[in-house]
Amino acid sequence: MAVLHRNNAIVNDRLGRTREAFKEYSEAIRISPQIADGHDYVAWHLATSEDEQFRQPEKAVTHALKAVELSPESHVCRNTLGVAYYLNGQWEEAIAALTKSMELADGGGEASDFYFLAMAHWQRGEEEEAHQWYDKGATWTWDHLPDGTMLRFGNEAAELLGSPPPPVCVVLH
């Protein structure tokens, strides 16, 4: 049954049905708590949901830690842990998890690593380092076609740092 719920979650996520996917992953990990991507998905949405009433950073950290325990070499799980730590106000832990995420990632990281590192360093009063990470995130954003979530993170980082929003490359067909 856990596999069925996990597969339904994946389909719902790909169809953009986030709430349904969240429910399916939650049920999958309730039945079988050893599903790393289920814990990661639940953690990500508890940490980053656009609906702030849905956000539960402390619970996100718990799920992200479980995902990392189950899949310690996954840069995706480490990134989720870093983001959850940041949104839970744990700046040093966020920096450590995001740094590990970048070490594990092909290509050395992505916008969510860079923007959250920028914000964590800013919160620690390390403005120069924060701006360096923000600039790296803005460059990544320009070079890729990020989704709305990555653009939202870039805008949140820009607002915190008092920087202009990251540039966006638009491809017209």
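## Salt bridges, pockets and surface of a predicted model

Arginine 6 and aspartate 37 form a salt bridge, with 2.8 Å between the closest N and O atoms. This pair ties together distant parts of the chain: arginine 6 sits in helix H1 and aspartate 37 in helix H3, 31 residues apart. The model is predicted. Arginine 6 counts as partly exposed because its relative accessibility is 28%, and partly exposed covers the range between 20% and 50%. Aspartate 37 is also partly exposed, at 27% relative accessibility.

**Other salt bridges**

How many salt bridges does a search of the whole structure find? The search finds 7. Three of the pairs are set out here.

| Pair | N to O distance | Citation |
|---|---|---|
| Arginine 6 and aspartate 37 | 2.8 Å | Salt bridge |
| Lysine 66 and glutamate 69 | 3.3 Å | Salt bridge |
| Glutamate 92 and arginine 124 | 3.8 Å | Salt bridge |

Lysine 66 and glutamate 69 share helix H4. They are 3 residues apart, about one turn of the helix. Lysine 66 is partly exposed, with 22% relative accessibility. Glutamate 69 reaches 56%, so it counts as exposed, the class for values over 50%.

Glutamate 92 pairs with arginine 124, the closest N and O atoms being 3.8 Å apart. This pair, too, links distant parts of the chain, 32 residues apart. Glutamate 92 belongs to helix H6 (residues 91–104). Arginine 124 belongs to the loop between helix H7 (111–123) and helix H8 (127–143). Glutamate 92 is exposed at 56% relative accessibility, while arginine 124 is partly exposed at 37%. Glu126 joins these two: Glu92, Arg124 and Glu126 are linked in a network of salt bridges.

**Pockets**

The largest pocket has a volume of about 520 Å³. Its lining is made up of 22 residues. Which of the 22 lie nearest the centre of the largest pocket? They are Thr18, Trp44, His45, Thr48 and Thr149. Four helices each supply at least two residues of this lining: H2 (18–31), H3 (36–48), H5 (75–87) and H9 (148–161). By class, the lining holds 5 nonpolar, 9 polar and 8 charged residues.

The second largest pocket has a volume of about 150 Å³. Its lining consists of Ile10, Asp13, Arg14, Tyr25, Asp37, Asp40 and Tyr41. H1 and H3 each give at least two residues to this lining. The classes here are 3 nonpolar, no polar and 4 charged. Aspartate 37 appears again: a lining residue of the second largest pocket, it is also the salt-bridge partner of arginine 6.

**Surface points**

Met1, Leu4 and Ile31 form a nonpolar patch on the surface. Together they have about 310 Å² of accessible area. Leucine 4 lies in helix H1, which spans residues 2–14. Is leucine 4 buried or partly exposed? At a relative accessible area of 44%, leucine 4 is partly exposed. Patch residues need over 30% relative accessible area, so leucine 4 passes that cut-off.

Glutamate 58 lies in helix H4 (residues 57–70). Glutamate 58 is exposed, with a relative accessible area of 60%. Glutamate 58 and alanine 84 are 26 residues apart in sequence. In space, their C-alpha atoms are 7.6 Å apart.

Conventions
Residues are numbered from 1 along each chain as its sequence is written. This is a predicted model: local features need pLDDT of at least 70, side-chain atom pairs count only at pLDDT 80 or more; totals for chains, interfaces and linings use all residues. Side-chain values use heavy atoms; hydrogens and water are left out. Patches are made of residues with over 30% relative accessible area and no salt bridge: like charges are joined within 9 Å, nonpolar side chains (Val, Leu, Ile, Met, Phe, Trp, Tyr) within 5 Å. Accessible areas come from the Shrake-Rupley method with a 1.4 Å probe; for residues, only the protein chains shown count as cover. A salt bridge is a side-chain nitrogen of Lys or Arg within 4 Å of a carboxyl oxygen of Asp or Glu. Buried means under 20% relative accessible area, exposed over 50%, partly exposed in between (1.4 Å probe, protein chains only). On a 1 Å grid over the protein atoms alone, a cavity is a set of points where a 1.4 Å probe fits but cannot get out, and a pocket is an open set with protein on both sides within 12 Å along at least five of seven lines; lining residues have an atom within 4 Å of a point. Grid points are joined across faces, edges and corners, and a volume is the space filled by probe spheres set on the points. Ala, Val, Leu, Ile, Met, Phe, Trp, Tyr, Cys and Pro count as nonpolar, Asp, Glu, Lys and Arg as charged, and the others, Gly among them, as polar.
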